[in-house]
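Dear colleague,

I am handing over the structure that I have been reading, and I would be glad if you kept it open beside this email while you go through my notes.

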Amino acid sequence: MRSKLLTVAAALAIATIVLLASCGGGNTAVNIGGTNVTVPNVKGGIPDVIQFTVTTQRELGLKDVLNGTTDLFHDALNGPDYLGFIKTLTPEDQQKIETYAVPAGSWAVLVNPAPNAAPYIQTVDKKDIFNPFAIREVRYALNWLWSRKKINEEILQGTGIPQFSTVCPANPGSYRYGLLASKLGMKEDGDEAKAIADITAELEKAAQLPELKGKLAKKDGFWNFKNQPIIVKFIIRSDDPKGRLIEGRYLADQIEKAGIKVERMEIDRTKASAIYSRGDPAKMEWNFYTEGWGAGGTVRFYEGNIQQMYAPFAGNMVGKGGHAFQYKNDEIDALVQKVMNGAFTTEQEYWDTILKATELGLKDAVRIYIASQNNFYTGNKARF
């Protein structure tokens, strides 16, 4: 029986990087169990031998793909990095590369809604802090204040997809969730004027509450509480310099257009987690966080995603872990638990229930999705 060779090379930098080399022409000398064996390279079919090679530099792994030493570089390049790599190649070398785009995750913004009830004042160390994003309608308006199209085109350089819910639009069966966002009037490019008008109207309405009357007012283009500018804190991941760092700065700039000043906290994941994940939201140490989520796999139904990203009982929302403030939404919990427990008798009942839960999650806007990311794997076109 003639052997087929599949060579797999793995490069280890900070993350694990894998390169695959498969069947090409000619012969390859392979050391198997201490014995050198010459194996013919035959394209196609299932390989009998798999080779792994490790390198510590991504650049060397990519060069090996170009040279045909290995067939597939299994370290995922994000969109900007992939485009940057392609631009360094001559037209001839570009023709040697085969690219495989894979939906690899998503960006979202987590919003601290504490106290999530009128008059929207959180008391910290005997000091009253007014949180404009404790107002549900103000959070919801962010869907129009931020342009997902701009983020995809200018930051992800066209390598992602604008995303409105936790369901990635590149996945099978996602159209129902995309249609739901469309019915709510959400658009890829947003509507800045509408968002600013909606936020202004809601804050003017809040200013008429007895507890806020005479204390909440707009001055010199910015909202003030007790004659002091309202300043919200935006945790922006600095350790993603080509992605979420730029994204967070843009999102913060847009919030300031609505008359709310932003403190940009550009910090790494470790410091960010200590504040937004393990800290108590009631302390008002943060208002926003630039989330990044990896893709767990491809599925056809998404009740698990809806549970994880919108239902408080699942333990992944603001205030998880028994803090003084815990985000609650009993209606979302009840709907999701109904589906997760199989308490429906028809397909239509399933869809009515899970889409209603998703709609409530979108409208409550504690977690707002921004974009789906593609990652890119490069292979040698002639060999793989």
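**What I found around strand E17**

Ile161 has its bridge partner in strand E17, and that partner is Ser372. Before going further, please keep in mind that this is a predicted model, so everything below is computed from predicted positions.

The bridge just mentioned belongs to a pairing between strand E10, which covers residues 160–162, and E17, and the two strands run antiparallel over three bridges. E17 also pairs in the antiparallel sense with strand E7 (residues 97–111), here over 13 bridges, and within E17 it is Arg367 that stands opposite Leu110. Strand E6, made of residues 72–78, is likewise paired with E17 in the antiparallel sense, over four bridges, and Gly379 in E17 is the bridge partner of Leu72.

How many of the residues of strand E17 are buried? The strand runs over residues 367–380, and 14 of its 14 residues are buried, so E17 is largely enclosed by the rest of the structure.

Ser372, which is found in strand E17, may serve as an example to look at slowly. Its relative accessibility is 1%, and because a residue counts as buried under 20%, Ser372 is classed as buried. If its neighbours within four places in sequence are left aside, Ser372 is in contact with Gly105, Ser106, Leu156, Gly160, Ile161, Gln163, Cys168 and Pro169.

**A pair of helices**

Two packed helices are described by the angle between their axes and the distance between the axes. For helix H5 (residues 148–155) and helix H8 (residues 244–257), the axes come within 11 Å and cross at roughly 145°, and the crossing of H5 past H8 is right-handed. On the H5 side the residues that meet H8 are Lys150, Ile151 and Ile155, and on the H8 side they are Ile246, Glu247, Tyr250 and Leu251. Sorted by class, this contact of H5 with H8 has five nonpolar residues, two charged ones and no polar ones.

**The chain as a whole**

Stepping back, the chain has twelve helices and 17 strands, and 49% of its 384 residues count as buried. Among the contacts between residues at least 6 apart in sequence, 72% join residues at least 24 apart. The chain exposes about 18,200 Å², of which carbon and sulfur atoms supply 50%.

With best wishes

Notes
Residues are numbered from 1 along each chain as its sequence is written. This is a predicted model: local features need pLDDT of at least 70, side-chain atom pairs count only at pLDDT 80 or more; totals for chains, interfaces and linings use all residues. Side-chain values use heavy atoms; hydrogens and water are left out. Buried means under 20% relative accessible area, exposed over 50%, partly exposed in between (1.4 Å probe, protein chains only). Two strands pair if DSSP finds at least two bridges between them. Contact means heavy atoms within 4.5 Å. Axes are lines fitted to C-alpha atoms, for helices over the stretch in contact, and angles run from 0 to 180 degrees between N-to-C directions. A crossing is left-handed if the near helix is turned anticlockwise from the far one by less than a right angle, and right-handed if clockwise. Ala, Val, Leu, Ile, Met, Phe, Trp, Tyr, Cys and Pro count as nonpolar, Asp, Glu, Lys and Arg as charged, and the others, Gly among them, as polar. Accessible areas come from the Shrake-Rupley method with a 1.4 Å probe; for residues, only the protein chains shown count as cover.
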